[in-house]
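Visitor: I have a structure open and would like to learn how to read it. Could you take me through it one feature at a time?

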Amino acid sequence: MSYDDKNVFAKILRGEIPCNKVYEDDHALAFHDINPQAPVHVLVIPKGAYVSMADFTANAPEDLMVGFFRAVGLVADQLDLVEPGYRIMANHGPDSHQEVPHLHIHIFGGKRLGPMLMRNWDGGE
Ligand code: AMP
């Protein structure tokens with residue numbers, strides 16, 4: 001899938017639409033999710049045009065990769081989630097229900113998060 005620079009996170013990176021920012025450095029931007037699924041729900045995005053984790057890990061330069069993943073850890077620490085614990089998640093493609101085609105890592109926390117995935121999967125399709 002080629003990168004569509006009209007996606008909402010590309011617009012946030014260009015400053016065309018606002019975000020509720022929690023962290024920014026040369027490699028990453030983190031902001032609160034507009035539709036939070038937990039008491040803390042923050043998105044971390046790389047500063048580069050990457051559709052998903054597959055695109056990023058195949059094509060991003062190493063300094064961006066290191067900086068981006070370091071930022072995820074820094075943001076979790078800044079949000080005081082290290083001691084109580086948190087979950088990170090990144091969707092890739094249709095089966096995951098990825099909505100925004102710019103790589104983003106979700107950070108969830110602030111409560112007991114329960115099982116990792118829906119428990120009603122029966123082993124079939
Ligand atoms: P995903 O399904 O993994 O692609 O997640 C996309 C996430 O982006 C969802 O949790 C949305 O609530 C969130 N989102 C969409 N638009 C915005 C926005 N303008 N600011 C913050 N979060 C957004």
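Guide: Happily! Let's begin with an idea we need for the ligand: a polar contact is a pair of N or O atoms within 3.5 Å. Keep in mind that this is a predicted model.

Visitor: How far from a nitrogen atom of the ligand does a backbone N or O atom of I34 lie?

Guide: The distance is 3.1 Å, so the pair falls within the 3.5 Å cut-off for a polar contact.

Visitor: Which side chains have an N or O atom 2.8 Å from an oxygen atom of the ligand?

Guide: One is N91, through a polar side-chain atom 2.8 Å from a ligand oxygen. Another is H106, where a side-chain N or O atom is 2.8 Å from an oxygen atom of the ligand.

Visitor: How much of the ligand's accessible area does the protein cover?

Guide: On its own the ligand has 510 Å² of accessible area, and the protein covers 85% of that. As for the site, the ligand takes up the space of the largest pocket.

Visitor: Which residues around the ligand come nearest?

Guide: A residue counts as near if one of its heavy atoms lies within 4 Å. Here 17 residues surround the ligand, and D33, N91, E99, H104 and H106 come nearest. Sorted by class, the shell holds 8 polar, 7 nonpolar and 2 charged residues.

Visitor: Which element supplies the largest share of that shell?

Guide: That is α1, with 3 residues. Helix α1 (8-13) and the strands β2 (28-32) and β3 (40-46) each contribute at least two shell residues.

Visitor: Now the whole chain: what pattern does it follow along the sequence?

Guide: Its 3 helices and 5 strands come in the order α-β-β-β-α-α-β-β. The radius of gyration is 15 Å, close to the 14 Å that the globule rule gives for 125 residues, so the chain is as compact as a globular protein of that length. Along the principal axes, its C-alpha atoms fill a box of roughly 40 × 35 × 30 Å.

Key:
Residues numbered from 1 in each chain as written. Predicted model: local features only at pLDDT ≥ 70, side-chain atom pairs only at ≥ 80, totals over all residues. Heavy atoms only, no water. Polar contact = N/O pair within 3.5 Å; in protein donor to acceptor, adjacent residues only side chain to side chain. Areas by Shrake-Rupley, 256 points an atom, 1.4 Å probe, with all protein chains shown as cover. 1 Å grid on protein atoms, 1.4 Å probe; cavity = no way out; pocket = protein on both sides within 12 Å on 5 of 7 lines; lining within 4 Å. Sits in = over half its atoms within 2 Å of the grid points. Helix = DSSP H or I, 4+ residues; strand = E, 2+ residues; numbered from the N terminus. Nonpolar A, V, L, I, M, F, W, Y, C, P; charged D, E, K, R; others polar. Rg over C-alpha atoms; globule rule 2.2 N^0.38 Å.
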